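Please open the model in your viewer and keep the selection tool at hand. The tour moves from the whole chain to single residues and their partners, one stop at a time.

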Amino acid sequence: MVKKVIKFFYLETAALHKAAYLLGFFAILSQVLAFLRDRLLAHTYGAGQELDLYYAAFRIPDFIFVAIASVVSLSVLVPFIIEKEKNGLTAQAGKEEVKKFIDDITSFFSILIFCVSVLAFFLIPSFSSFLFKGFSGEELSSVIFLSRIMLLSPIFLGFSNLLGSLTQAYNRFIIYAFAPLLYNAGIIIGIFLLSPRWGINGVAMGVVLGAILHLLVQVPFVTKLGLFPKPKLDFNWSSVKRVATLSLPRTLSLSTSHIATLFLISIASLMAAGSISIYSFALNIQSVPLSIIGVSYSLAAFPTLSRHYADKNIKAFVSQMAVTTRHIIFWTLPAMALFIMLRAHVTRVLLGSGLFDWNDTRLTAAALALFSISALSQSLLMLFTRAFYSAGRTRKPFLINLISTLILIIGTYGLVKLFNAWEAFRYFIGALLKVDDLTNTAVLMLPLGFSLGIILNSVVHWISFEKDFGGGFTADVKKTFFDSFSASVIMGAATYVGLNMFAPILNTTKLWGIFLQGFMAGMLGIMAGVLVLLLLKNKELEVVWESIHARFWKAKVIATDPEII
């Protein structure tokens, strides 16, 4: 039994859809644990000041992880690993080239992350007082202490990313996908076992535990492969310089988006207590389609895109992008429709217990709806960014992200000012999202500004990709967008009808009643959407059905899409 489990984890997965489905499956499991984590936090602390402090403190270590650990991210290292492997005259020689490269990068990263972490430990008080002006006294001291505890997490997650680049390059997606489950499990352990004694500090300790588990799960395979890194002082600066040159624009690009998040959290700290928690809970929930669809497909496609570009097969490169984009659109647009229509039900079922009251639910649901309008853009942005990285073009995504982030920051600040100054606009947003009787609705401008900025960012990336690589990319995905958009509109309408139809026959004052109402309405909407796709003879629906049929019925199926690998 143990051998079968180990064999399953070491399974090589090279086909796009099989890899994406495996990543998606584990992403669902990870999201289940993430929902349990958030429900426990909501139940224990509610959308209040103490949880605001935790989420604010989390952002500084998170920014350090993005700014520093991105140097060894799989998006940067996978193309190098593939290149080194190809450079060897034999398989063994290629592996030796990879080993030397990984040792050099590990040595450099070890020195870098240690120096940055020590420096950050002493600068966190200054950063916190500057960023979170809504906190003072004991509140600010708590943010500083929590941030210092969680400073350990970027170190472990950075090394885990480095090992993850190897598991990705060798198509061991299951190991990589399992790591986030353990990360969330660590936080849950912190909530269950540590927070009763140490309060919110115990949750921060759980974050560190989760990061350690995230790293440890990848160690056995990399060790078995003979590529476990060994730091050394005499590392090859030329390899480090190449990686740093390529990763710097990406690091700056990712940093700009996290600076935007820090800016939004900073604004939320000036609002009523619980605003940071509302924003964070909604952000976590809306990340479900991003994690299950966007991350899964972009990760699964990345090694293949890198190999196509390394082989100078631009036609196959663009074709792979088109196939992946079509499937992201196919899955994400319907998910957007369901999230918008079922926002209150999703939020209440996931978070509605303990100190998390009905007003918290309504406000979080409204924020979730505003986040959801950019779900497709967020997923596509991940794919386009990886496409540019696989081609070694990191400057363009950086410039696009920089300009888009500046627009996002300025636009969100303007929306908050407009919301507070213009009563008609405030009433319109409140009435549209059915929260006009609540007082702390200004927080909704944060997800609205975020979504508008992300949509702009993805559109510019799309246009740039079409311009740089051409190949009829847009023409190849047009029909899928039309099909999925049409199905999503009908799905949303059918779901709305279902909510009204099932409401009188279910006790919606109870959790089970709310769940059943949302579930049954959602299933009605999905059936309506599938019917529309069948009538439109949607190509992606046929591919999904054939994949499922071949997997579970073991039938020999002739692929209808020759571009799928």
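What follows is a sequence of selections, each with a short account of what is found there.

Begin with the whole chain, coloured by confidence: this is a predicted model, with a mean pLDDT of 84 and 88% of its residues at 70 or more. In cartoon view the protein shows 22 helices and 0 strands. Of its 565 residues, 58% count as buried, and among contacts with a separation of 6 or more, 83% are between residues 24 or more positions apart. Switching to a surface, you have about 24,300 Å² of accessible area, 70% of which belongs to carbon and sulfur atoms.

Before going further, select residues 553-565, where pLDDT stays under 50 although the model has 29 contacts there beyond four places in sequence. Where pLDDT is low, the predicted coordinates should not be read in detail.

Next, select helix H12, residues 275-310. Is this helix largely enclosed or not? Since 31 of its 36 residues are buried, H12 is largely enclosed by the rest of the structure. Follow the helix to Leu 290, where H12 bends by about 40°, and then on to Lys 312, which comes after H12 and has a positive phi near 60°. Within H12, pick Ser 280, which counts as buried because its relative accessibility is 1%; beyond residues up to four places away in sequence, Ser 280 touches Tyr 55 and Ile 265.

From there, move to Phe 135, in the loop between helix H5 (91-131) and helix H6 (138-150). Although Phe 135 sits in a loop, its relative accessible area of 5% makes it buried. Show its surroundings, leaving aside neighbours within four places in sequence, and you will find contacts with Gln 49, Asp 52, Leu 53, Ala 56, Leu 140, Val 143, Ser 269 and Ile 276. A distance drawn between the C-alpha atoms of Phe 135 and Leu 270 reads 8.0 Å, while the two residues are 135 apart along the chain.

The next stop concerns charged side chains, for which the count comes to 8 salt bridges. Select Arg 326 and Asp 476, whose side chains meet at 3.2 Å, N to O. Asp 476 lies in helix H20 (residues 473-502) and Arg 326 in helix H13 (residues 314-341), so this pair ties together parts that are 150 residues apart in sequence. How do the two differ in exposure? Asp 476 is partly exposed, at 31% relative accessible area, whereas Arg 326, at 2%, is buried.

Now add Glu 540, which forms a salt bridge with Arg 326 at 2.8 Å, N to O. Here too the pair links distant parts of the chain, since Glu 540 belongs to helix H22 (residues 539-552) and lies 214 residues from Arg 326 in helix H13. Glu 540 is buried, with 2% relative accessibility.A further pair to select is Lys 396 and Asp 468, joined by a salt bridge of 3.0 Å, N to O. Lys 396 lies in helix H17 (residues 395-421) and Asp 468 in helix H19 (residues 445-469), so the bridge ties together parts that are 72 residues apart in sequence. Lys 396 is partly exposed, with a relative accessible area of 30%, and Asp 468 is partly exposed at 26%. Returning to the earlier residues, salt bridges that share partners join Arg 326, Asp 476 and Glu 540 into one network.

Finish on the surface by selecting Phe 515, Phe 519, Met 523, Ile 526, Met 527, Val 530 and Leu 534, which make a nonpolar patch of about 640 Å². Leu 534 is found in helix H21 (residues 511-535) and, at 54% relative accessibility, counts as exposed.

How values were computed
Residues are numbered from 1 along each chain as its sequence is written. This is a predicted model: local features need pLDDT of at least 70, side-chain atom pairs count only at pLDDT 80 or more; totals for chains, interfaces and linings use all residues. Side-chain values use heavy atoms; hydrogens and water are left out. Patches are made of residues with over 30% relative accessible area and no salt bridge: like charges are joined within 9 Å, nonpolar side chains (Val, Leu, Ile, Met, Phe, Trp, Tyr) within 5 Å. Accessible areas come from the Shrake-Rupley method with a 1.4 Å probe; for residues, only the protein chains shown count as cover. A salt bridge is a side-chain nitrogen of Lys or Arg within 4 Å of a carboxyl oxygen of Asp or Glu. Helices (H or I, at least four residues) and strands (E, at least two) are DSSP runs, numbered from the N terminus. Buried means under 20% relative accessible area, exposed over 50%, partly exposed in between (1.4 Å probe, protein chains only). Contact means heavy atoms within 4.5 Å. The bend at a residue is the angle between axes fitted to the seven residues ending there and the seven starting there. pLDDT is the predictor's confidence in each residue, from 0 to 100.
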